[in-house]
Amino acid sequence: MLKIIKITSLCTLVLLLLTGCMSKSQQKAIYYKAVPLGQQYMKDNFNADVIFSDNYKFLDPMSSDIILYGHMVGDEDATFSIIINHETFKVNDVGGSSKVMDRYIKPDQKNKPSTEDPKK
């Protein structure tokens, strides 16, 4: 009988580790905190206004990341995904269609005034 209890306890523990221990309400709270951060990141680094879908994915328990999926405002073909660490809320990676990725602003080009004559 003790052996059955041990096996049942072990199976329950493994199941919890594989499925993650986060409730749906905790996931939604993280999603709602990550969306504005992702929108600002895309604005700052891709000069793009974006819309996130309600479709998102947590990579728990493998990592502490949430993947958000979205597209640029006015162009549903300009899709992307952004990976955010939900413990630090730092962006880990962005990937997407060339319509989005071609807009990437290199760090050395941010906030620099244009050297071109605007009257040309």
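Begin by selecting Met-42, Phe-52, Ile-66, Leu-68 and Ile-82: within the largest nonpolar core, which holds 21 residues, these touch the most other members. Helix 2, strand 1, strand 2 and strand 3 are the elements that each give two or more residues to this core. Helix 2 supplies the largest share, with six residues. The model in the viewer is predicted.

Keep Met-42 selected and display its surroundings. Leaving aside residues up to four places away in sequence, Met-42 touches Asn-47, Ala-48, Val-50, Phe-80, Ile-82, Val-94 and Val-100. Ile-82, one of these contacts, is also among the core residues that touch the most other members.

Now colour the whole chain by secondary structure. Three helices and four strands make up the secondary structure of the protein, and from the N terminus the elements follow the order α-α-β-β-β-β-α.

Next, select strand 2, residues 65-72. How many of its eight residues are buried? Seven are, so that the strand is mostly covered. 

From strand 2, extend the selection to strand 1, residues 50-58. Strand 1 and strand 2 pair in the antiparallel sense, over six bridges. To find one point of this pairing, pick Lys-57, whose bridge partner in strand 2 is Ile-67. The two strands form a hairpin, with six residues between them.

Turn then to strand 3, residues 75-85, which runs antiparallel to strand 2 and is joined to it by eight bridges. Select Tyr-69 to see it standing opposite Ser-81 in strand 3. Strand 2 and strand 3 also form a hairpin, here with two residues between the strands. In this hairpin, Gly-74 is the residue to inspect, as it takes a positive phi near 85°.

Move on to helix 2, residues 24-46, and pick Gln-27, which lies in this helix. Is Gln-27 buried or exposed? Its relative accessible area is 17%, and Gln-27 is therefore buried, the cut-off for burial being under 20%. Display the contacts of Gln-27 as well: apart from residues up to four places away in sequence, Gln-27 touches Met-22, Tyr-56 and Phe-58.

Finally, select the entire protein and show its surface. The protein exposes about 8700 Å², of which carbon and sulfur atoms supply 57%. Of its 120 residues, 27% count as buried. Among contacts between residues at least 6 apart in sequence, 39% join residues at least 24 apart.

Methods:
Residues are numbered from 1 along each chain as its sequence is written. This is a predicted model: local features need pLDDT of at least 70, side-chain atom pairs count only at pLDDT 80 or more; totals for chains, interfaces and linings use all residues. Side-chain values use heavy atoms; hydrogens and water are left out. Buried means under 20% relative accessible area, exposed over 50%, partly exposed in between (1.4 Å probe, protein chains only). Contact means heavy atoms within 4.5 Å. Accessible areas come from the Shrake-Rupley method with a 1.4 Å probe; for residues, only the protein chains shown count as cover. Two strands pair if DSSP finds at least two bridges between them. A nonpolar core is a set of buried Ala, Val, Leu, Ile, Met, Phe, Trp, Tyr and Cys residues joined through side-chain atoms within 4.5 Å.
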